[in-house]
Amino acid sequence: MVNYHVTVFTADLLNATTLNNVHIKLVGTDSESEHTWLMGLRGASSFIRGAESSFTVSCSTSLGNLVLIELNKQCFRLFPEDSWFPAKVDVKSPEGDTYTFPIYRWITGSEVHRFKEGTAQRVFEDNHHLGRYTRQEELKQRAKDYRWHVYAEGIPHCIDAEDPLSLPYEVQFSFTKKTEFAYTAATGLAELKLKGLADRKEKWTDMDELHQVFWCKRTCISDYVQEHWKEDAFFSYQFLNGINPMMIQRCTTLPKNFPVTDDMVFLSGQGSLADEMKKGNIFLCDYKRLDGLNANTINGKKQYLMAPLVLLHKRPDNTLMPIAIQLKQTPADDNPIFLPTDSEYDWLIAKIFVRSAEFNEHQLNVHLLRTHLLAEVFAVSLLRNIPMVHPLYKLLIPHTRYTLQINFLARLTLISPTGVFTQFTSSGGEAMTTILKRSMSSLTYRSLCIPEDIADRGLEDVPNFYYRDDGLKLWDIIHRFVQGVLSYYYKKDTEVQDDPELQKWISDIFEHGFLSQAATGIPERFTTVAELVKFVTMVIFTGSAQHSAVNSGQYDFGGWMPNTPSSLQLPPPTTKGKSSEETMLQTFPDVNVTVQGMATVWLLSKQSSDFVPLGQYPEDHFKEETPCKLIKAFQGQLKVLSAAIKARNESLELPYTYMDPAELENSVAI
């Protein structure tokens, strides 16, 4: 007889414990063991949360190299059926070799689950017949568990699920996440309801009352916003370092539908737009995607959503300032170009209409489509097409954590017919689908890769652009890490070309994420290692850094409603000189709309206590020395960048923290 020493690690997660009987079978290249009941000295406590329990499995002869294990559990009379979350199983053979079998998933019921040895393998390296069968069996089951669903025509497809509990256990929220998310959602509005505000379908009558509501929930940055929201310099700052740094671009030629003249923006002939454009000092934000939309009706009142054009000028002191705003796309006598020299409230209300357009463009295109929906596509395709033993699975699975459930909840509570965005934003309803479709039709691969996006928008040398500075450094760090890992497994381009699982992953993404539109520039298949590395870098960057940049500051910049109104209920001024503070108050959304928006962006900005920062991998999916060393190096580089960002922020009046690796999550999890 020979003995195999088996160590089972139960994850340190709430409710990870099983009190059921656990059985194991070892499968090797030469033979396999009997199904063995793992009964140890610890008895029923062998598989409690965080336990590390050892057992012996005896065999008549050596099994050869271990290929996989089979695990199942069975309840018995004293204890009911439960769920168990084992982390991994280590097996030491009689020859002295140690095999690791990563699991990191919930095991429910009494069916047999097969797990392969943890050395990463592409399909053509899987030489054992049972290993190949297990691989195929796993993907067959995954295809049933992770089905594509068309939520709406013209936007990326999503996972097919009836409710959050119907999602596979392995992608659901932890108990901690579920509890905290529900609590934040309930208390965010409850606090405002106690003040009798959530049901007040009436307009604001003075700014003092608005200030009192704002003081319910505050952050250091939201305090700064409340104090500076009227200032032109802060208005411009937000195009670079607010929650939507994706609109601004260098302007080399004025759009024909934006007839700004030198006399409008340069007093006494002290400059010309042509000269300033040649110097690279003129910038444009064009919200043409919002043109011609049928705005929402809220509280029985028609709402207004403009498609403005904004012209900005970089001054000699490097300050970026707005110099002209046109609120509709078509020039007309009743569509004036607003200027900083206009009356206080003409100019302020023009900026408010821009900021309201910004809210809707940001939420639907920059945030929902370009991070959440794409991250879900990347995740579903991974879970459908890539087995656990594949190096791509091991690399990307931490960057899918909670994404499927948070997106299901977004569809259910935010953009459904009864969702908060549908009911309380100017783009709710018909306009929402139109914006998403228009955004999808203009989406490109280059715009998802920050080095190319910054270059295409001509923003390489804009001063005080911290999103760009931190984002490019993060991209470079992620790219080097991904290159190191994937180059270890793929030595030649032909190995990429010949990997059917890898090719099915990108094929599904092209079809279901980018709707088979070749114009997006998304590859239909991978032909080189470099192409694979770039795409995987984009996937990780999108779900971590980019999502943080456009999500985490939502309450900071949107908690003070006048800075980012979700809707406006008066049309924009058609003539100058008639606006006042009263006009502004009448234009703002109603009280209940305001507080619903505040509660929502508070929820969407709230970090949970089981947050996992970029580069931290609580689950040990890799076992080979090289990728493990690369992970350590990756973590070290992120730590250095985090320290540099914190040091820079100490000298800034308004710190930029959204790309700090210590503050951004591994995945789209909120």
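The largest cavity in this structure, which is a predicted model, has a volume of about 140 Å³. A search of the whole structure finds six cavities of 30 Å³ or more, and this one makes a good place to begin. Its lining is made up of 16 residues, and those that lie nearest the centre of the cavity are Phe359, Ser566, Gly597, Met598 and Val601. Two elements, helix H11 (420–424) and helix H21 (591–605), give two or more residues to this lining. Of the elements, H21 gives the most, with seven residues. Sorted by class, the lining has eight nonpolar and eight polar residues, and no charged residues.

Next comes the second largest cavity, with a volume of about 120 Å³. Among the residues that line the second largest cavity are Pro102, Phe115, Met388 and Val389, together with Arg114, Lys116, Glu117, Glu138 and Lys394. Gly118, Thr134 and His621 also belong to the lining of this cavity. The elements that give two or more residues here are strand S8 (113–116) and helix H1 (129–145), and S8 gives the most, with three residues. By class, the lining of the second largest cavity divides into four nonpolar, three polar and five charged residues. Charged residues thus appear in this lining, whereas the lining of the largest cavity has none.

The structure also has open spaces. About 1100 Å³ of space lies in the largest pocket. This pocket is lined by 43 residues, with Leu13, Phe85, Arg401, Tyr402 and Glu619 lying nearest its centre. Strand S6 (86–92), helix H2 (175–194) and helix H10 (403–413) each supply at least two residues of the pocket lining. The most comes from H2, which gives three residues. In the lining of the largest pocket, 22 residues are nonpolar, 10 are polar and 11 are charged.

Attention now turns from empty space to packing. In soluble globular proteins, nonpolar side chains tend to be buried together. Here, the largest nonpolar core has 180 residues, and the residues with the most contacts inside it are Leu71, Val89, Trp505, Phe535, Val536 and Phe588. Helix H8 (residues 344–385) gives the most to this core, with 21 residues. A second, separate core has 16 residues, including Cys251, Phe266, Ile282 and Leu284.

Leu71 offers a closer view of the largest core, as one of the residues with the most contacts inside it. When neighbours within four places in sequence are left aside, the residues in contact with Leu71 include Val22, His23, Ile24, Trp84 and Val89. Leu71 is also in contact with Ile103, Ile107, Glu111, Val112, His113 and Phe115. Of these partners, Val89 is itself listed among the residues with the most contacts inside the core, and Phe115 also lines the second largest cavity.

Burial can be followed along a single helix too. Nine of the 10 residues of helix H5 (residues 232–241) are buried, so H5 is largely enclosed by the rest of the structure. The buried residues of H5 include Phe234, Phe235, Tyr237, Phe239 and Leu240. Asp232, Ser236, Gln238 and Asn241 are buried in this helix as well.

Finally, the cysteines deserve a look. The structure holds zero disulfides. Cys59 counts as buried because its relative accessibility is 6%, while Cys628, at 29% relative accessibility, counts as partly exposed.

Terms used
Residues are numbered from 1 along each chain as its sequence is written. This is a predicted model: local features need pLDDT of at least 70, side-chain atom pairs count only at pLDDT 80 or more; totals for chains, interfaces and linings use all residues. Side-chain values use heavy atoms; hydrogens and water are left out. Buried means under 20% relative accessible area, exposed over 50%, partly exposed in between (1.4 Å probe, protein chains only). Helices (H or I, at least four residues) and strands (E, at least two) are DSSP runs, numbered from the N terminus. A nonpolar core is a set of buried Ala, Val, Leu, Ile, Met, Phe, Trp, Tyr and Cys residues joined through side-chain atoms within 4.5 Å. Contact means heavy atoms within 4.5 Å. A disulfide is a pair of cysteine sulfur atoms within 2.5 Å. On a 1 Å grid over the protein atoms alone, a cavity is a set of points where a 1.4 Å probe fits but cannot get out, and a pocket is an open set with protein on both sides within 12 Å along at least five of seven lines; lining residues have an atom within 4 Å of a point. Grid points are joined across faces, edges and corners, and a volume is the space filled by probe spheres set on the points. Ala, Val, Leu, Ile, Met, Phe, Trp, Tyr, Cys and Pro count as nonpolar, Asp, Glu, Lys and Arg as charged, and the others, Gly among them, as polar.
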